[in-house]
Amino acid sequence: MSTLADQILERMAGGGTLARGDFPLDANYDSVGRALGDLVKERKIVRVGRGRYRLARSGATASSASIADLVERRVSRSKRNVFLRRDFGEFGSYDAVGRALRQATKTGKLIQIGYGLYAKAALSPFSGRPAPVVGIKRLAAEALGRLGKSVDPSSFDRAYNSGRSTQVPTGRTLAVKDRVSRRIGYDGNYVVLERT
């Protein structure tokens with residue numbers, strides 16, 4: 001009879017990523033977790049997200065320094081302003097990518113604008129600290145679009161544009177149709193999301 005680790009490796013032989021719940025094995029949840037943890041330590045599989053795993057690539061694994069270089073190169077070449085953590089998933093394991101993203105935020109190449117959301121950054125001429133290269137409203141709209149949410153002008157924008165109000169909108173309010181639980185912003189400045 002094959003071991004639990006062997007059964008997991010057989011199940012993952014087809015390639016791709018599998019979630020912890022995708023292993024219908026004759027073992028309890030904790031035993032599967034221990035087997036997955038042992039396989040990660042042995043570098044036979046890598047963790048690519050919360051409860052998601054894939055087979056480890058053959059050859060040497062990339063160091064976190066080289067992963068940070070890959071992250072910075074992708075950010076500098078991309079036309080996007082907002083990046084999700086999963087945009088860098090092929091560079092290494094979940095934890096290694098996390099370390100590389102923290103390093104990129106320390107060097108000022110990226111700034112974290114929400115849970116798993118990062119924006120291109122540059123040094124601000126006013127404060128000398130890293131700040132996003134585009135405005136917070138545009139960042140939030142792009143981030144919500146990348147998360148599959150549709151964005152509309154806020155009620156303040158609609159009232160001002162139709163002439164019902166003379167108060168100029170602050171530009172930090174967006175209307176979304178779906179429920180969004182993330183806070184999007186940086187340095188204490190957050191976008192207000194209203195449901196339409």
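This report describes strand pairing, aromatic contacts and selected loop residues in a predicted model.

Residues are numbered from 1 along each chain as its sequence is written, and side-chain values use heavy atoms, with hydrogens and water left out. Because the model is predicted, local features need pLDDT of at least 70 and side-chain atom pairs count only at pLDDT 80 or more, while totals for chains, interfaces and linings use all residues.

**The sheet of strands 1 to 3**

Helices (H or I, at least four residues) and strands (E, at least two) are DSSP runs, numbered from the N terminus. Two strands pair if DSSP finds at least two bridges between them. Three strands form an open sheet with the order 1-3-2 and antiparallel pairing. Strand 1 (18-19) and strand 2 (45-49) stand at the edges with a single partner strand each, so one side of each has no neighbour in the sheet. Strand 2 runs antiparallel to strand 3 (residues 52-55), and four bridges join them. Ile45 has Leu55 in strand 3 as its bridge partner.

Helix 1 (residues 4-12) lies across strand 1, strand 2 and strand 3. The helix runs at about 80 degrees to strand 3; axes are lines fitted to C-alpha atoms, for helices over the stretch in contact (heavy atoms within 4.5 Å), and angles run from 0 to 180 degrees between N-to-C directions.

**Strand 6 and its partners**

Strand 6 (117-123) is mostly covered, with five of its seven residues buried. Buried means under 20% relative accessible area, exposed over 50%, and partly exposed in between (1.4 Å probe, protein chains only). The pairings of strand 6 with strand 4 (82-84), strand 5 (residues 110-114) and strand 7 (130-132) are set out below.

| Strand pair | Bridges and sense | Residue pair |
|---|---|---|
| Strand 4 and strand 6 | three bridges, antiparallel | Leu84 and Leu117 |
| Strand 5 and strand 6 | four bridges, antiparallel | Ile111 and Ala119 |
| Strand 6 and strand 7 | three bridges, antiparallel | Ala122 and Ala131 |

Two hairpins involve strand 6. In the hairpin of strand 5 and strand 6, two residues lie between the strands, and Gly116 takes a positive phi near 75 degrees. The hairpin of strand 6 and strand 7 has six residues between the strands, and here Gly128 has a positive phi near 80 degrees.

Ser127 is in the loop between strand 6 and strand 7. Ser127 counts as partly exposed because its relative accessibility is 49%. Its side chain reaches the backbone nitrogen of Arg129 at 3.2 Å. This is a polar contact, a pair of N or O atoms within 3.5 Å; within protein, one must be able to donate a hydrogen and the other to accept it, and residues adjacent in sequence count only if both atoms are side-chain atoms. Ser127 and Leu147 are 20 residues apart along the chain, and their C-alpha atoms are separated by 31 Å.

Asn81 is placed in the loop between helix 3 (64-77) and strand 4. With a relative accessible area of 9%, Asn81 is buried. Not counting residues up to four places away in sequence, Asn81 touches Tyr118, Ala119, Lys120, Val133, Val134, Arg138, Leu139 and Glu142.

**Aromatic rings and charges**

A search of the whole structure finds two aromatic pairs. Rings of Phe, Tyr and Trp (its six-membered ring) pair if their centres lie within 6.5 Å; planes under 30 degrees apart count as stacked, over 60 as edge-to-face and the rest as tilted. Phe83 and Phe88 form a tilted pair, 5.8 Å centre to centre with 35 degrees between the planes. Phe88 and Phe91 are also tilted, at 6.2 Å centre to centre and 35 degrees between the planes. Ring pairs thus link Phe83, Phe88 and Phe91 into a cluster. Phe83 is buried, Phe88 is buried at 0% relative accessibility, and Phe91 is buried with a relative accessible area of 14%.

A charge sits over a ring if NZ of Lys or CZ of Arg is within 6 Å of the ring centre and within 35 degrees of the ring normal. The charged end of Arg85 sits over the ring of Tyr94, 3.9 Å from its centre. Arg183 has its charged end over the ring of Tyr190, 3.8 Å from the ring centre.

**Asp187**

Asp187 is in the loop between strand 10 (185-186) and strand 11 (189-190). Most residues other than glycine have a negative phi. Asp187 has a positive phi near 55 degrees. At 56% relative accessibility, Asp187 counts as exposed.
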